[in-house]
Amino acid sequence: MTTKVKTTKGGAVVHLQVDRALAKIGADISLARRVRRMAADDFAERIGVSRGTLHRLENGDPGISINTLAMALHALGRLDALAKIADPVNDAVTLSQMIEEVPKRIAKRRTVKPDSSDPVGSLTTASGKFVGF
């Protein structure tokens, strides 16, 4: 059994999981629009696209621009969801990498002991610069 490989208009291959995710996003946008009792023509006008482009968005077409998606989410009051989509705070891999890089222990910084022959030793650093208040 062979499956048809889906591609964009530009010829880029669309992975099956990506295709499913886009179809779900489109269906969710369609449902959210209808729950809000917004007609397709009015919604399309509100987000600045044609009725055909809105239809493609709601059907999960992978060729839809991210701007069209962002405008649709904005019109639904859900733009925050797009803004948080790759936020490191919500990314388990990023958080685990950050945790792994935390040192096991922190050692105190070693200070340079002042030279007893230096009359201004306590007021200078190893580089000879004066320490201010």
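1. Thr-68 is found in helix H4. The model under review is a predicted one, and in this model Thr-68 counts as buried, at 8% relative accessibility. Once its neighbours within four places in sequence are left aside, Thr-68 is in contact with Ile-47, Val-49, Thr-53 and Leu-57. Two of these partners, Thr-53 and Leu-57, belong to the buried residues of H3.

2. Helix H3 covers residues 51–58. The buried residues of H3 are Thr-53, Leu-54, Leu-57 and Glu-58. Seen down the helix axis, these residues fall within an arc of 135°, so they line one face of H3. They pack against H1, H4 and helix H2, the last of these spanning 40–47. H3 is followed by Gly-60, whose phi is positive, near 80°.

3. The salt bridges deserve separate comment. The count comes to four. One of them joins Arg-33 to Glu-58, with the closest N and O atoms 2.7 Å apart. Arg-33 lies in helix H1 and Glu-58 in helix H3, so this pair ties together parts that are 25 residues apart in sequence. Is each partner buried or exposed? Arg-33 is buried, since its relative accessible area is 8% and the threshold for burial is under 20%. Glu-58 counts as buried as well, at 11% relative accessibility. This charged residue is also listed among the buried residues of H3.

4. A further salt bridge is formed where the side chains of Arg-56 and Asp-61 meet, at 2.8 Å from N to O. Arg-56 is partly exposed, with a relative accessible area of 27%. Asp-61 is likewise partly exposed, its relative accessible area being 26%.

5. The side chains of Asp-80 and Arg-78 also meet in a salt bridge, for which the N to O distance is 4.0 Å. The cut-off in use is within 4 Å. Asp-80 counts as partly exposed, at 37% relative accessibility. Arg-78 lies in the loop between H4 and H5 and counts as partly exposed at 41% relative accessibility. Which separation does Arg-78 show from Ile-29, in sequence and in space? The two are 49 residues apart in sequence and 9.9 Å apart in space, C-alpha to C-alpha.

6. The largest pocket holds about 310 Å³ of space. Its lining comprises 13 residues, of which the closest to the centre are Ile-25, Ile-29, Leu-69, Leu-73 and Ala-81. Ile-29 thus appears in the description of this pocket as well as in the C-alpha pair with Arg-78.

7. Which helices each supply at least two residues of the pocket lining? They are helix H1 (16–35), helix H4 (66–75) and helix H5 (79–83). H1 gives the most to the lining, with five residues. By class, the lining of the largest pocket has eleven nonpolar and two charged residues, and no polar ones.

8. Several elements recur across these points. H1 holds Arg-33 of the salt bridge with Glu-58, is packed against by the buried residues of H3, and gives the most to the lining of the largest pocket. H4 contains Thr-68, is likewise packed against by the buried residues of H3, and is one of the helices supplying at least two residues of the pocket lining.

Conventions
Residues numbered from 1 in each chain as written. Predicted model: local features only at pLDDT ≥ 70, side-chain atom pairs only at ≥ 80, totals over all residues. Heavy atoms only, no water. 1 Å grid on protein atoms, 1.4 Å probe; cavity = no way out; pocket = protein on both sides within 12 Å on 5 of 7 lines; lining within 4 Å. Points joined across faces, edges and corners; volume = space filled by probe spheres on them. Helix = DSSP H or I, 4+ residues; strand = E, 2+ residues; numbered from the N terminus. Nonpolar A, V, L, I, M, F, W, Y, C, P; charged D, E, K, R; others polar. Buried < 20%, exposed > 50% of the residue type's maximum accessible area, 1.4 Å probe, protein only. Contact = heavy atoms within 4.5 Å. Arc of directions from axis to C-beta.
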